[in-house]
Amino acid sequence: MKGLLILLFFTSIDLKAQTMESQKEIILSDQLKWSERMAFSIMRAYPEAWQIDNHPAPKWDYKIGMILTAYEKLYHKTKNQKYFDYIKDYTDKLINKNGTFQNFDPKDHNIDFINAGKILFNLYDTTKEQKYLTALQTLRRQFEDHPRTLSGGFWHKKIYPNQMWLDGLYMGEPFYARYTTAFEGGEKLNDVALQFELLHNHTFDKKTGLYFHAWDESKKMPWADSKTGTAPHIWLRALGWYGMALVDVLDYFPKDHPKHKELVRYLNELAAAVSKYQDKSGLWYQIPDLGSKKGNYLEASGSSMLVYFLAKGLHKGYLPAKFETAANNGFNGLISQLIKVDKNGEIHITQVCASAGLGGNPYRDGSFNYYINEKIITDNSHGLGAFLLAAIELDK
């Protein structure tokens, strides 16, 4: 037994060394598209995907899920096996042979946990391994008993009762829509649409055409408006989550579905509104409707997300051609203002808001000062994933 353990130990070290050596073989060239330059830069810095954001141990993470969703798109475009292996290696670290997730407690009812599940569909379709289907089914069951507002909206998390955040639409709804389309004949698409309807009804700001970050149906949270329940500010990345969620769920709504036109209308409303608040640089501010206010800054992740949703909306025919300028200007702004190339040819994305939310401990009040004073980080995963998605969608 001791000999076997020693053998396994050294085998593990050898496999890790081989993985790291394989990533060193990646050749970065300025002739590559920005999408592949970023993808290769990430793989050089983090030979295994779970290491992104310098995690000390493997973790099923919604941000890594967004990045690997982009790698899946790259794989389909390029057929480069490295991209597929990067996704599969991550998943196999977190899901055992029986399809059970590490460190997963269904009682947490955390909608963030769903997002990375999107990479399981292609893994199952490609390999037909039962464990991926089992994991998909586990995530699908979360929607059965996930707590809801009285009006039917999924709570963002159990620890945030009665609250819906724009973020949560991206975390849960594209997965939910794809699963119900693939395995249930689309029977839950009305429930998917309801989530967008609720946040459109309760967080849409008629003055700007934008959306407040969140809504507390109970109106009990100190950050919530006493009359409307909405958060006090419009946050760029929340708009990005919302736009990406909309354009992605539409992949699964047939054109003749009763809710299709409604979701496309929301998409057009958002495109028109964000275009009005686009800075001359092509980017958007952390608090987009207060661009001139002292301390505000041009933020990378939300800007990348808006570029992605605009570009995909155009390519899918949901948006008119007039928005092409906004999408291209946004991407050009990212390259000229926020993407940096180091001496090794690796690229980095700067000015990424590390994290932002509402409530919790320590308490986050949703004020302007709160949002602009959250940490700003280079190569935070929110920015890496969103930039990849934008670059891939624009074929840049």
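Start by selecting Lys-293 and Phe-368: the charged end of Lys-293 sits over the ring of Phe-368, 4.5 Å from its centre. Keep in mind as you click around that this is a predicted model. Now jump to Trp-34 and Arg-37 for another pairing of that kind. Here the charged end of Arg-37 sits over the ring of Trp-34, 4.5 Å from the ring centre.

**Stop: the rings**

Colour Phe, Tyr and Trp so that they stand out. The count of aromatic pairs comes to 26. Zoom in on Tyr-160 and Trp-165. Are these two rings stacked or edge-to-face? They are stacked, because their centres are 4.8 Å apart and their planes are at 25 degrees, which falls under the 30 degrees that stacking needs. Turn on the surface and look for the two residues: Tyr-160 is buried, at 8% relative accessibility, and Trp-165 is buried too, at 5%.

Next, select Tyr-179 and Phe-183. The ring centres of Tyr-179 and Phe-183 lie 4.7 Å apart with the planes at 45 degrees, so this pair is called tilted. Show the cartoon and you'll find both residues in helix α7 (residues 166-183), four residues apart, or about one turn of the helix. How exposed is each one? Tyr-179 is buried, with 7% relative accessibility, whereas Phe-183 is partly exposed, at 38%.

Don't leave yet. Add Phe-121, Phe-143, Phe-154, Phe-175 and Tyr-176 to your selection, and together with Tyr-179 and Phe-183 you have one aromatic cluster.

**Stop: the salt bridges**

Time for some charges. There are 19 salt bridges in the whole structure, and a good one to begin with is Lys-88 with Asp-92. Their side chains meet at 2.8 Å, N to O. Both residues sit in helix α4 (residues 81-94), four residues apart, which is about one turn of the helix. Asp-92 is partly exposed, at 28% relative accessibility.

Keep Lys-88 selected and add Glu-129. What joins these two? Another salt bridge does, with the closest N and O atoms 3.7 Å apart. This pair links distant parts of the chain: Lys-88 is in helix α4, while Glu-129 is in the loop between α5 (118-127) and α6 (130-145), 41 residues away. At 29% relative accessibility, Glu-129 counts as partly exposed. Now bring in Lys-131 to see the full group: Lys-88, Asp-92, Glu-129 and Lys-131 are linked in a network of salt bridges.

For another bridge, select Glu-197 and Lys-259. Their closest N and O atoms are 2.8 Å apart. Lys-259 lies in the loop between α9 and α10 (260-276) and Glu-197 in helix α8 (residues 189-203), so the salt bridge ties together parts that are 62 residues apart in sequence. The two ends differ in exposure: Lys-259 is partly exposed at 24% relative accessibility, but Glu-197 is buried at 13%.

**Stop: the inside**

Switch to the nonpolar residues. The largest nonpolar core has 134 residues, and the members touching the most others are Tyr-71, Leu-120 and Phe-196. Which helix gives the most to this core? It's α9, with ten residues.

Pick Tyr-71 and show what surrounds it. Leaving out residues up to four places away in sequence, Tyr-71 touches Ala-39, Ile-42, Met-43, Tyr-83, Tyr-86, Ile-87 and Leu-388.

Then go to Met-244, in helix α9 (residues 236-249). Is Met-244 buried or exposed? It is buried, because its relative accessible area is 0%. Among its contacts beyond the sequence neighbours within four places are Met-66, Tyr-170, Tyr-308 and Leu-389. If your viewer has a distance tool, try it from Met-244 to Arg-265: the two are 21 residues apart in sequence and 14 Å apart in space, C-alpha to C-alpha.

**Last stop: a loop**

Finish at Glu-346, which you'll find in the loop between β3 (339-341) and β4 (347-349). This one is buried, because its relative accessibility is 14% and the cut-off for buried is under 20%. Add Arg-44 to the view: a polar contact of 3.4 Å joins the side chains of Glu-346 and Arg-44. Setting aside neighbours within four places in sequence, Glu-346 is also in contact with Leu-28, Ser-41, Lys-340 and Val-341.

Technical notes
Residues are numbered from 1 along each chain as its sequence is written. This is a predicted model: local features need pLDDT of at least 70, side-chain atom pairs count only at pLDDT 80 or more; totals for chains, interfaces and linings use all residues. Side-chain values use heavy atoms; hydrogens and water are left out. Helices (H or I, at least four residues) and strands (E, at least two) are DSSP runs, numbered from the N terminus. Buried means under 20% relative accessible area, exposed over 50%, partly exposed in between (1.4 Å probe, protein chains only). A polar contact is a pair of N or O atoms within 3.5 Å; within protein, one must be able to donate a hydrogen and the other to accept it, and residues adjacent in sequence count only if both atoms are side-chain atoms. Contact means heavy atoms within 4.5 Å. A nonpolar core is a set of buried Ala, Val, Leu, Ile, Met, Phe, Trp, Tyr and Cys residues joined through side-chain atoms within 4.5 Å. A salt bridge is a side-chain nitrogen of Lys or Arg within 4 Å of a carboxyl oxygen of Asp or Glu. Rings of Phe, Tyr and Trp (its six-membered ring) pair if their centres lie within 6.5 Å; planes under 30 degrees apart count as stacked, over 60 as edge-to-face and the rest as tilted. A charge sits over a ring if NZ of Lys or CZ of Arg is within 6 Å of the ring centre and within 35 degrees of the ring normal.
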